[in-house]
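User: I'd like a close look at one part of this protein, the place where two neighbouring helices meet near the end of the chain. Could you walk me through it and put it in the context of the whole fold?

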Amino acid sequence: MIHSMTGFAVQNRDLGSVSLHLELRSVNSRYLDLGFRIVDDLRQAEPAIRERLAARLGRGKVECRLNLQAGPGAARGLALNAALLDQLAEAEAGLRARFADAAPLSVHELLRWPGMLADDSLGFDEMLPAIVALTEAAVDELVASRRREGDKLAAMIRERVVRMRELVAVATPRMPAVVLEYQERLTAKLRDAVASLDEDRIRQEVALYAQRIDVAEELSRLVTHLDEVERILKAGGAAGKRLDFLMQELNREANTLASKSPATDITAIAMEMKVLIEQMREQVQNIE
């Protein structure tokens, strides 16, 4: 399968007191470029998320956003540490037995005592398994999104390949006539311009120039490159860089075809080919 580098995924997990929200956005890039926007409370999750993204994605600029939001039971529940309270009461009773005039502990002092209030919110270690599962689900969704986009890109490229084959099929049988027409025109010009040249010299000059305008080799290479484009699309995988190279080769042959041909209809075919190649090249930039 061909994969685009463009995709989007979003996943949520409700953990009761809090909920996790993860977004993945991907666009084209020469390499795999991972960026993270993670709330401070979950910053420790970045290595785990990075590992899972790198394992599934080959190229693309990927932005990961992980947020922590209040769940349905938004208010945190607070509870007194009964064991600690008993220990303090016992310690205070012992002290007051020896120091009868000692002031008792106030409610304010008790509440501020370290460890007296227990917070029922989830800690990072408790949330990490959920974050990992959330990431894996989001990566699955992102890969599926990039695959759907890749299918569209591959279909568009195949349409251009079909049209280019049609143009090659038109140009190939036309070339012998183009060469012959050019030979006849050149022969007439040489005879008019240089009366002293004999027929053998004229034929040699005409044959030499005819070789220069013969584009049979370029047309053959165009077909070979188009075959390779279709083979790569069928094979799938990381195809972007190989297809980009083939677009350069196709463009080279189309340029040569346009520059060598003396016939306006062949030049028009070469120009249309260049437009099709440029359309394919733009889409290839988005392929992983």
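**A helix pair in its setting**

Analyst: Let's begin with the surface: the chain exposes about 16400 Å², and carbon and sulfur atoms supply 53% of that. Keep in mind that this is a predicted model. Of the chain's 288 residues, 35% count as buried.

As for the fold, there are eight helices and six strands. Going along the sequence, they come in the pattern β-β-β-α-β-β-α-α-β-α-α-α-α-α, so to speak the road map for what follows. If you take the contacts between residues at least 6 apart in sequence, 79% of them join residues at least 24 apart.

Now for the pair itself. Helix α7 covers residues 240-260 and helix α8 covers residues 264-284; their axes come within 9 Å and cross at roughly 165°. An angle over 145 degrees counts as roughly antiparallel, and therefore α7 and α8 are roughly antiparallel to each other. The crossing of α7 past α8 is left-handed.

Who touches whom? On the α7 side, the residues that meet α8 are Gly240, Leu243, Asp244, Met247, Leu250, Asn251, Ala254, Asn255, Leu257 and Ala258. On the α8 side, their partners are Ile266, Thr267, Ala270, Met271, Met273, Lys274, Ile277, Met280, Arg281 and Val284. Sorted by type, the residues of this contact come out as 13 nonpolar, four polar and three charged. Asp244 in α7, along with Lys274 and Arg281 in α8, belongs to the charged group.

Leu250 is a handy residue to follow, since it leads to another helix. Besides being among the α7 residues that meet α8, Leu250 is in contact with His225, which sits in helix α6 (residues 216-235). Setting aside neighbours within four places in sequence, His225 also touches Leu246, Glu249 and Glu253. Is His225 buried or exposed? Its relative accessibility is 14%, so His225 counts as buried; the cut-off for that is under 20%.

One more stop, back along the chain. Pro176 lies in helix α4, which spans residues 124-193. With a relative accessibility of 55%, Pro176 counts as exposed, because the bar for exposed is over 50%. Its C-alpha atom is 9.2 Å from that of Ala216, although the two residues are 40 apart along the chain. Ala216 falls within the range of α6, the helix that also holds His225.

Notes: Residues numbered from 1 in each chain as written. Predicted model: local features only at pLDDT ≥ 70, side-chain atom pairs only at ≥ 80, totals over all residues. Heavy atoms only, no water. Helix = DSSP H or I, 4+ residues; strand = E, 2+ residues; numbered from the N terminus. Buried < 20%, exposed > 50% of the residue type's maximum accessible area, 1.4 Å probe, protein only. Contact = heavy atoms within 4.5 Å. Axes fitted to C-alpha atoms, helices over the stretch in contact; angles between N-to-C directions. Parallel < 35°, antiparallel > 145°, perpendicular 65-115°, else oblique. Left-handed = near helix turned anticlockwise from the far one by under 90°. Areas by Shrake-Rupley, 256 points an atom, 1.4 Å probe, with all protein chains shown as cover.
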